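Trainee: I've got a model open on my screen and I'd like to learn how to read it. Could we go through it feature by feature?

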Amino acid sequence: MKIAILSRNKNLYSTKRLVDAAQKRGHEVRVIDHLRCYMNITSQKPMMHYKGESLDGFDAVIPRIGASVTFYGTAVLRQFEMMGVYPLNESVGISRSRDKLRSMQLLSRKGVGLPITGFARNPDDIDDLIQEVGGTPLVIKLLEGTQGIGVVLAETKKAAESVIQAFMGLSVNIMVQEFIQEANGADIRCFVIDGKVVAAMKRQGPDGEFRSNLHRGGSAELIKITSEERAVAISAAKVMGLNVCGVDMLRSSRGPLVMEVNSSPGLEGIEKASEKDIADMIVAVIEKKVIENLSNPNKTKTRGKG
Ligand code: ADP
Ligand code: MG
């Protein structure tokens, strides 16, 4: 097969591992910087150009689109979809996952456990909003934050009010969430591939930090998840429509609560913690899906439809 990896940097751990895994399995693979792709969207004849050449002949595309370039990156991916290239994750699933509020709404509709979450726009509603999520302490989040940046813990009502007012004053979209204290600064990342949890790790923030992101100095260890956690991760991936994703959840006194679903989960932390060849599993799934797709090309509902 001929596989494209949409990635801005071929030296990133995850990109390198996917290239290696694809080559080991006998595929031709090319890393493409999606910000250098440009498109011709003429009726019936979608085309992709890259640094002066025309890109075609790819069987599959692996999107590794950074959160800061979601709009352009998903447009490029959608163009590949229009051209009939099989996407490991569809552009629609990626767009859903990048908006924390949209993800929460979709997950809530399907009954996935979530921290109580509120969303408002008018400063006059702040008091009610705080009450809705059970008062303080509470967590305030930018809808499109990542790596723990833009996630704030407000311990008192005064602090919550002033932070919410500040964000609203800047016209930044935020959501307000019940703080899950009993998670103790840890969360669980379940790595899902094709409807199965293939590895799971617990991430623990450093002392005094409630955010467990590895980018914020958190550490990862392998854990055994419960069957309930496994079921929640699988159903969250399904709701989001993602073949490969990292489902992040908090262990709360009322069971697992999903915080977010990451559509470009990093491979380094999970491969090191689990000692599993996750990149190889991803390429193996692409092989299976491309074959399935050839025999049933109209199966996916959303591909290329926005
Ligand atoms: P990001 O996309 O920036 O990673 P998250 O929503 O995943 O944002 O939050 C970052 C971290 O903050 C989580 O991994 C978790 O450790 C902590 N956290 C987030 N929301 C809550 C919450 N409601 N209660 C307790 N801890 C939380
Ligand atoms: Mg996170």
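Mentor: Sure, we'll go from the domains to the ligand, then the core, the backbone and a few single residues. Keep in mind that this is a predicted model.

Trainee: Where do the domain boundaries fall along the protein chain?

Mentor: The chain is divided into domain 1 (2-89), domain 2 (96-113 + 182-281) and domain 3 (117-179). Notice that domain 2 is written as two segments, 96-113 and 182-281. To put a scale on the layout, the C-alpha centres of domain 1 and domain 3 lie 36 Å apart.

Trainee: And the ligand? Which domains give residues to the shell around ligand 1?

Mentor: Domain 2 and domain 3 both do, so ligand 1 lies between them.

Trainee: Which residues come nearest to ligand 1?

Mentor: There are 20 residues around it, and Lys100, Lys141, Gly148, Asn213 and Glu260 come nearest. By character, the shell divides into seven nonpolar, seven polar and six charged residues.

Trainee: How do I look for polar contacts to the backbone?

Mentor: Look for pairs of N or O atoms within 3.5 Å. Here, a backbone N or O atom of Gly148 lies 2.6 Å from an oxygen atom of ligand 1. For Gln147, a polar backbone atom is 3.3 Å from a ligand oxygen, and for Gly145 the distance is 3.5 Å.

Trainee: How much of ligand 1 does the protein bury?

Mentor: The general idea first: the size of an interface is often given as the accessible area lost when the parts come together. Ligand 1 taken alone exposes 540 Å², and the protein buries 98% of that. As for secondary structure, the elements giving two or more residues to this shell are strands S9 (138-146), S11 (174-178) and S16 (255-262). S9 gives the most, with four residues.

Trainee: Next, the nonpolar core. How many residues does the largest one have?

Mentor: It has 27 residues. Start from the ones with the most contacts inside it, which are Leu107, Cys190, Val247, Val258 and Val261. Then trace the elements that give two or more residues to this core: helix H4 (100-109), S12, strand S13 (196-204), helix H7 (227-240), strand S15 (244-252) and S16. H7 gives the most, with six residues. You've met S16 already, as it also gives two or more residues to the shell around ligand 1.

Trainee: What should I check in the backbone itself?

Mentor: Check the peptide bonds and the phi angles. The peptide bond from Thr136 to Pro137 is cis, with omega near -5°, and Pro137 is found in the loop between helix H5 (126-132) and S9. For phi, pick out positive values in residues other than glycine. Lys51 is such a case, at about 45°, in the loop between strand S4 (47-50) and strand S5 (53-55). Asn184 is another, with phi near 55°, and its place is in the loop between S11 and strand S12 (186-193).

Trainee: Is Asn184 buried or exposed?

Mentor: Exposed, because its relative accessible area is 60% and the cut-off for exposed is over 50%. Gly134 counts as exposed too, at 62%; that glycine sits in the loop between H5 and S9. Its C-alpha atom is separated by 23 Å from that of Gly145, eleven residues away along the chain.

Trainee: Now give me some buried ones. Where is Ser7?

Mentor: Ser7 is in the loop between strand S1 (2-6) and helix H1 (13-24). Its relative accessible area is 2%, so it is buried, given that buried means under 20%. A polar atom of the Ser7 side chain lies 3.3 Å from the backbone oxygen of Asn9. Try Ser103 as well: it lies in helix H4 and counts as buried at 3%. The backbone oxygen of Asp99 is 2.8 Å from a polar atom of the Ser103 side chain.

Trainee: Last one: how far apart in space are Val29 and Val19?

Mentor: They are 6.4 Å apart, C-alpha to C-alpha, and ten residues apart in sequence. Val29 is in strand S2 (residues 28-32) and counts as buried, at 17% relative accessibility.

Technical notes: Residues are numbered from 1 along each chain as its sequence is written. Chains are lettered from A and ligands numbered from 1 in the order in which they are written. This is a predicted model: local features need pLDDT of at least 70, side-chain atom pairs count only at pLDDT 80 or more; totals for chains, interfaces and linings use all residues. Side-chain values use heavy atoms; hydrogens and water are left out. A residue is near a molecule or strand if one of its heavy atoms lies within 4 Å of it. A polar contact is a pair of N or O atoms within 3.5 Å; within protein, one must be able to donate a hydrogen and the other to accept it, and residues adjacent in sequence count only if both atoms are side-chain atoms. Accessible areas come from the Shrake-Rupley method with a 1.4 Å probe; for residues, only the protein chains shown count as cover. Ala, Val, Leu, Ile, Met, Phe, Trp, Tyr, Cys and Pro count as nonpolar, Asp, Glu, Lys and Arg as charged, and the others, Gly among them, as polar. Domain bounds come from an automatic or database domain assignment. Buried means under 20% relative accessible area, exposed over 50%, partly exposed in between (1.4 Å probe, protein chains only). A nonpolar core is a set of buried Ala, Val, Leu, Ile, Met, Phe, Trp, Tyr and Cys residues joined through side-chain atoms within 4.5 Å.
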